[in-house]
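Here is a walk through one protein model, from ring contacts to the overall fold. Keep the sequence and the 3D view open as you read.

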Amino acid sequence: MGPQCRVRFAKCQLLATCFFTLLLGLSMGFLTILTRFGDRFVIIHTISPEDDPYGSMYHWAFSLGIFLTSMLILGVMLSILGVVREAKGLMAGGFLSFTLVFFVAVQVTFWRYREPSKVENTMLDTYDLAYEQAMRNVSDIWRQKLVAIHDTDCLQEIRSFVREHLSLVTLLFIVMLAFMVYGMFLTSFLWLTIHYGRNLDRKGSYTLTAQ
């Protein structure tokens with residue numbers, strides 16, 4: 001395969017990678033919205049005290065999801081424009097976006113591997129706190145909060161939903177890592193092509209214009 005074919009092949013592969021990365025970004029955005037506004041997550045958040053670990057985790061997950069969604073879409077747009085315009089700066093921007101997403105995804109995946117039950121246990125601790133407060137306090141506030149949980153779903157349903165949700169998120173991050181590695185490889189290859197062999201796929205094609 002000659003240089004021209006390699007460059008054309010890399011461009012096609014990057015565009016295809018961008019398409020699937022865009023789908024990943026949209027999926028991440030959907031899961032982020034579900035995590036933020038889903039009934040099961042919201043009801044646990046409403047009963048958690050201000051200093052409860054679940055509250056911090058709840059806001060952290062939303063911020064992380066928004067960040068990753070934005071960076072994925074930004075990387076896709078920069079990479080597509082870099083391919084179309086053969087612009088070195090745009091290609092570098094796409095590479096940096098994919099690299100940043102890659103390192104963040106690695107840390108989140110490693111955290112999930114080390115503490116696979118952290119989120120579930122935190123939610124259960126919040127429920128246990130609500131249950132204890134409802135049993136000990138004369139006030140009906142905690143009892144109303146406890147009833148609100150069971151009106152949304154029973155504890156087993158919440159636990160099952162959280163496990164399925166986290167399994168889907170973990171799978172999404174694994175797929176994301178694979179696409180980010182391939183995207184970084186393609187954008188770096190095309191950046192070098194543009195930098196050292198400007199318009200390499202057109203090199204060797206010359207036209208003469210009449211004076």
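How many aromatic pairs does a search of the whole structure find? The count is five aromatic pairs. Keep in mind that the model is predicted. One of the pairs joins Phe 102 and Phe 103. Their ring centres are 5.5 Å apart, and their planes stand at 70°. Planes over 60 degrees apart count as edge-to-face, so this pair is edge-to-face. Elsewhere, ring pairs link Phe 19, Phe 20 and Phe 179 into a cluster.

Two members of that cluster, Phe 19 and Phe 20, also belong to a surface patch. The patch is nonpolar, and its other members are Leu 22, Leu 23 and Leu 26. Together the five residues offer about 460 Å² of accessible area. Take Leu 23 as an example. Leu 23 sits in helix H1, which covers residues 3-37. Its relative accessible area is 39%. That value falls between the cut-offs of 20% and 50%, so Leu 23 is partly exposed.

Now step back to the fold. The protein has seven helices and zero strands. Read from the N terminus, the elements run α-α-α-α-α-α-α. The protein has 211 residues, and 39% of them count as buried.

Helix H3 allows a check on geometry. H3 holds 33 residues, from 53 to 85. At 1.5 Å a residue, H3 should span 48 Å. Its end C-alpha atoms are 47 Å apart, which agrees. Helix H4 gives a similar test. H4 has 27 residues and reaches 39 Å from its first C-alpha to its last, close to the 39 Å expected. The buried residues of H4 include Met 91, Gly 93, Gly 94, Ser 97 and Arg 112. Phe 102 is also among them.

What comes from the record? UniProt, in an unreviewed entry, places the feature "transmembrane region" at residues 12-37, 57-83, 90-113 and 168-194. Two of these stretches can be set against the model. Over residues 57-83 the chain is 100% helix and 0% strand, with end C-alpha atoms 38 Å apart. Residues 90-113 are likewise 100% helix and 0% strand, and there the end C-alpha atoms are 34 Å apart.

Next, look just past H3. Glu 86 follows H3 directly and takes a positive phi of about 55°. Which residue does the side chain of Glu 86 meet in a salt bridge? The partner is Lys 11, at 2.6 Å from N to O. The count for the structure comes to one salt bridge. Glu 86 lies in the loop between H3 and H4, while Lys 11 lies in helix H1, so the pair ties together parts that are 75 residues apart in sequence.

Are the two partners buried or exposed? Glu 86 has 7% relative accessibility and counts as buried. Lys 11 has a relative accessible area of 15% and is buried too. Both calls rest on the cut-off of under 20%.

Finally, turn to Arg 40. Arg 40 is found in helix H2, residues 39-47. At 24% relative accessibility, Arg 40 counts as partly exposed. Arg 40 and Asp 153 are 113 residues apart in sequence. In space, their C-alpha atoms are 7.5 Å apart.

Conventions. Residues are numbered from 1 along each chain as its sequence is written. This is a predicted model: local features need pLDDT of at least 70, side-chain atom pairs count only at pLDDT 80 or more; totals for chains, interfaces and linings use all residues. Side-chain values use heavy atoms; hydrogens and water are left out. Helices (H or I, at least four residues) and strands (E, at least two) are DSSP runs, numbered from the N terminus. The expected span of a helix is 1.5 Å times one less than its number of residues. Patches are made of residues with over 30% relative accessible area and no salt bridge: like charges are joined within 9 Å, nonpolar side chains (Val, Leu, Ile, Met, Phe, Trp, Tyr) within 5 Å. Accessible areas come from the Shrake-Rupley method with a 1.4 Å probe; for residues, only the protein chains shown count as cover. A salt bridge is a side-chain nitrogen of Lys or Arg within 4 Å of a carboxyl oxygen of Asp or Glu. Buried means under 20% relative accessible area, exposed over 50%, partly exposed in between (1.4 Å probe, protein chains only). UniProt positions are given in the numbering used here, feature names are shortened, and annotations may be inferred rather than shown by experiment. Rings of Phe, Tyr and Trp (its six-membered ring) pair if their centres lie within 6.5 Å; planes under 30 degrees apart count as stacked, over 60 as edge-to-face and the rest as tilted.
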